[in-house]
Amino acid sequence: MAHSLTSLAIFQGVNHKEMIRSLHVYGSVEIEREFLFERKSRYVEKKAKPLFCSEGLRRPEISLGSVFGTWRCIFVFRSNHSLPQFPTLLCPSRNPKLVDVPNLANVLKSISELKPKKPSNVSDIEQCSSRVPYCNVDQPKPQKFVLKQDLNCLPDSETESEESEDDQTEHSESEILKKRRTPSQHVARLCLEDLSKYFGVPIVEASRKLNVGLTVLKKKCREFGIPRWPHRKLKSLDSLIHDLQEEAEKQRENNKAAAMVVAKKQKKLETEMRNIVERPFMEIQIETKRFRQDNFKKRHRASRAKKNQESLATSSST
C-alpha cells in the first residue's frame, strides 16, 4: 500500500511529546494512526479515534509547524512535492526502535528510499529554497490553526462521560434556546478571559451564566485550543490542596519538618492550578497524577480501617 501513498503528515503532542499521530492519505482514502513513543520501552501503536479526517481539513492547510489543538505537525510528505527532511525521531537509519511500529516504519522507509524530484517550475524551486533546515525540524515556529471539530464528538473518554452526565440538562436547555437564540455578536465578543471566569464550575452551568448554548460554548473552546472544559482538573487539584492543608495542620504540632514538606507540595499544586486556569489546554502533570492516586489509596485504607474498628467495637459490645 506504500506505493500508492499520496501524502503523509505526522503530529507530535504539544503537552505529551511521547504521543505521535499520523495521517496517511492513499488517494481518496485517509487513515489516522496513533503511537506511543517512549524512550525506555518499546514503541507501541494505540487505537486512534478520527481527529483530522472527520474535520475534512484540506491537505494543503497542513504544513510543517502547524498546531491543531494539542497536536503540532513535525513531518509532511506529498508525492508531488520534493522530499522533506526527516527529524531524528522519524529517521529509520537513526532510530532503530521504529521497527516496533511497522505500519509507520515501512512507510517512512519507502519515503526515504525515493529519488529526489527535480523542481520543474518556479514554485517548486521556491518551495525547495524555503524548506525548514534539519536542525529546526524538531522545534519549528508554531502556526496556529483552529480545528472545526465539534466537542460533542471529542476523542476522549473523559469528555464523553462528562457529556453523558449532563444530557438531561442539555436537552432542557436546548428547548429554551430554540425559543431564544443567542445573538451572534454576543458569541463573537466572548474571549478567553470571559471563559476563564467559569472554569471552576461545570460546563453546563458555565454556558448558562455566559448566556450561550452548550454546543456554542464547546465550539468557542475549540477556537481557543481548549480540548475539554478544565472544571474536573481544577476540582481534582482543589481537593488535593484541601487534603494537604489538613495534613499540614496535623503535622505542625508533631513534626515541623514534615509540615514544611507538605506546605511545599501544597504551594506547588496551587501554582499548577493557576497555570491550568491561564492555559486550560494543559494536562495535569504525571507527578501530580501519581500523588492523587496515592492519596486516593491512603483515604481508602483509612476508611476501611475505620469500618473494621467499628465492626470490632460492635461485636465486642454484643
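Select glutamate 246 to begin, a residue of helix H9 in what is a predicted model. With a relative accessible area of 37%, glutamate 246 counts as partly exposed, because that category lies between the 20% limit for buried and the 50% limit for exposed. Show its side chain together with that of histidine 242, and a polar contact between the two side chains appears at 3.0 Å. Then add valine 262, which is 16 residues away from glutamate 246 in sequence, while the C-alpha atoms of the two residues are 9.8 Å apart in space.

Stay with helix H9, but turn to the nonpolar core to which it contributes. The largest nonpolar core of the model has 26 residues, and Leu195, Leu217 and Trp229 are those with the most contacts inside it. Colour helix H7 (203–210), helix H8 (214–223), helix H9 (231–254) and helix H10 (256–278), each of which supplies at least two residues of this core; H9 gives the most, with six residues. Where does this core lie with respect to domain 2 (184–224) and domain 3 (230–306)? It lies between them, because both domains give residues to it.

For a closer view of this region, select leucine 217 and display its surroundings. Leaving aside residues up to four places away in sequence, leucine 217 touches Leu195, Ile203, Ala206, Ser207, Leu210, Val212 and Trp229. A second core, separate from the one just visited, has 22 residues, and Leu8, Ile10, Val101 and Val107 are among them.

Leu8 and Ile10 lead to the next selection, strand S1. This strand, residues 7–13, is mostly covered, with seven of its seven residues buried. Which residues of S1 are buried on one side, and which on the other? Ser7, Ala9, Phe11 and Gly13 are buried on one side and Leu8, Ile10 and Gln12 on the other, so that both faces of the strand are covered.

Now bring in the strands that pair with S1. Strand S2 (residues 19–26) runs antiparallel to S1 and is joined to it by six bridges, and the two strands form a hairpin with five residues between them. Strand S6 (residues 71–78) also pairs with S1 in the antiparallel sense, here over seven bridges. Serine 7 is a convenient residue on which to centre the view: its bridge partner in S2 is valine 25, whereas in S6 serine 7 stands opposite arginine 78.

From S6, follow the chain into the loop that leads to helix H1 (102–112), and select aspartate 100, which is found in that loop. Is aspartate 100 buried or exposed? Its relative accessible area is 18%, so aspartate 100 is buried, the limit being under 20%. Its side chain reaches the backbone nitrogen of tyrosine 43 at 3.2 Å. Not counting residues up to four places away in sequence, aspartate 100 touches Arg42 and Tyr43.

The last stop is helix H1 itself. Select Leu104, Ala105, Val107, Leu108 and Ile111, which are the buried residues of this helix, and look along the helix axis. Why are these residues on the same side of H1? They cover an arc of only 165° around the axis, which puts them on that one side. In an α-helix, residues three or four places apart point the same way, because there are 3.6 residues a turn. Finally, show S1, S2, strand S3 (29–36) and S6 beside the helix, since the buried residues of H1 pack against these strands.

Technical notes
Residues are numbered from 1 along each chain as its sequence is written. This is a predicted model: local features need pLDDT of at least 70, side-chain atom pairs count only at pLDDT 80 or more; totals for chains, interfaces and linings use all residues. Side-chain values use heavy atoms; hydrogens and water are left out. Buried means under 20% relative accessible area, exposed over 50%, partly exposed in between (1.4 Å probe, protein chains only). Helices (H or I, at least four residues) and strands (E, at least two) are DSSP runs, numbered from the N terminus. Two strands pair if DSSP finds at least two bridges between them. A nonpolar core is a set of buried Ala, Val, Leu, Ile, Met, Phe, Trp, Tyr and Cys residues joined through side-chain atoms within 4.5 Å. Domain bounds come from an automatic or database domain assignment. Contact means heavy atoms within 4.5 Å. A polar contact is a pair of N or O atoms within 3.5 Å; within protein, one must be able to donate a hydrogen and the other to accept it, and residues adjacent in sequence count only if both atoms are side-chain atoms. The arc is that of the directions from the helix axis to the C-beta atoms.
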